[in-house]
Amino acid sequence: MTADGQRENKRSTSSAPGRPRDGRIDAAIIAATRELILETGYPALSLSAIAARAGTTTAAIYRRWSGKAELVHEAVLSAETLQPPTGSGDVRHDIRSLVEIVRAMFNRPEVRVALPGLIADTVASPEVHSQMIARLAGDLTAFESRFGQERRDDDRLPMLAEVVAGTAIFRILIRSDAALDDAWVDQMVELITERWPAS
């Protein structure tokens, strides 16, 4: 079946009644995607290889995801990695928590390997791009009011989160061997909180 045919199959099956999706297949596909990214890199990653590793079919993948970019996005940028702090009342502590969250999100091996190619494919797909922004934004909008920030027009990502995540992404893209280590966290926190006195 061609890619167009598979996408058409996805559209027809998603609206038709039938058996519920098997969560075990979803988990197997996600696990296979993470494993193969580390083995082959993003450009060489294929849905057929993922399907073979997961013990399923490419049609089953297309019933769940629109293509490679959406699947990899969900596999490596898991929502579970982005749990914003509730707020301690100490600005420096809360910003450090945000920086640590971003580091945990982007410093995993599969993210670092997939990120350059994934960004290119994401920019080319408005649907996947919207999903990525939504995932990054999440509950981080709470930081807007906490740090006196106002929403900028129709932006969905708070400036503070944009600065921290953007810095992490830029560092990975420009220097693939550069660590997001404790020193990076310390420097980011100092840079951002220099204007605030310690509580």
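Among contacts in the protein chain between residues at least 6 apart in sequence, what share joins residues at least 24 apart? That share is 68%. Keep in mind that you're looking at a predicted model.

## The overall picture

The protein chain has 199 residues, and 40% of them count as buried. Its secondary structure comes to 11 helices and 0 strands. Walk along from the N terminus and you meet one α element after another: α-α-α-α-α-α-α-α-α-α-α.

## How far to trust it

The chain averages a pLDDT of 77, with 69% of the residues scoring at least 70. Confidence is lowest in helix α1 (residues 3-15), where the mean is 41, and highest in α3, at 97.

Residues 1-19 are where you should slow down: pLDDT stays under 50 there, and the model has 17 contacts for this stretch beyond four places in sequence. Where pLDDT is low, the predicted coordinates should not be read in detail.

## Helix α3 and its buried side

Now for helix α3, which spans residues 47-54 and has L47, I50, A51 and A54 buried. These residues cover an arc of only 100° around the axis, so they sit on the same side of α3.

What do they pack against? The buried residues of α3 pack against three helices: α2 (23-40), α4 (58-62) and α5 (68-76). Right after α3 comes G55, with a positive phi near 75°.

## K68 and its neighbours

One of the helices just mentioned, α5, holds K68. Not counting residues up to four places away in sequence, K68 touches Y42, P43, L45, L47 and D121. You've already met L47 as one of the buried residues of α3.

Try finding T33 too. K68 and T33 are 35 residues apart in sequence, and in space they are 9.4 Å apart, C-alpha to C-alpha.

## Where α7 meets α10

Next, look at helix α7 (residues 109-124) and helix α10 (residues 159-174). Their axes come within 10 Å and cross at roughly 95°. Angles of 65 to 115 degrees count as roughly perpendicular, so α7 is roughly perpendicular to α10.

Which residues make the contact? On the α7 side they are R112, L115, P116 and I119, and on the α10 side I169, I172 and L173. Sort the residues of this contact by type and you get 6 nonpolar, no polar and 1 charged.

Technical notes:
Residues numbered from 1 in each chain as written. Predicted model: local features only at pLDDT ≥ 70, side-chain atom pairs only at ≥ 80, totals over all residues. Heavy atoms only, no water. Axes fitted to C-alpha atoms, helices over the stretch in contact; angles between N-to-C directions. Helix = DSSP H or I, 4+ residues; strand = E, 2+ residues; numbered from the N terminus. Parallel < 35°, antiparallel > 145°, perpendicular 65-115°, else oblique. Contact = heavy atoms within 4.5 Å. Nonpolar A, V, L, I, M, F, W, Y, C, P; charged D, E, K, R; others polar. Buried < 20%, exposed > 50% of the residue type's maximum accessible area, 1.4 Å probe, protein only. Arc of directions from axis to C-beta. pLDDT = per-residue confidence, 0-100.
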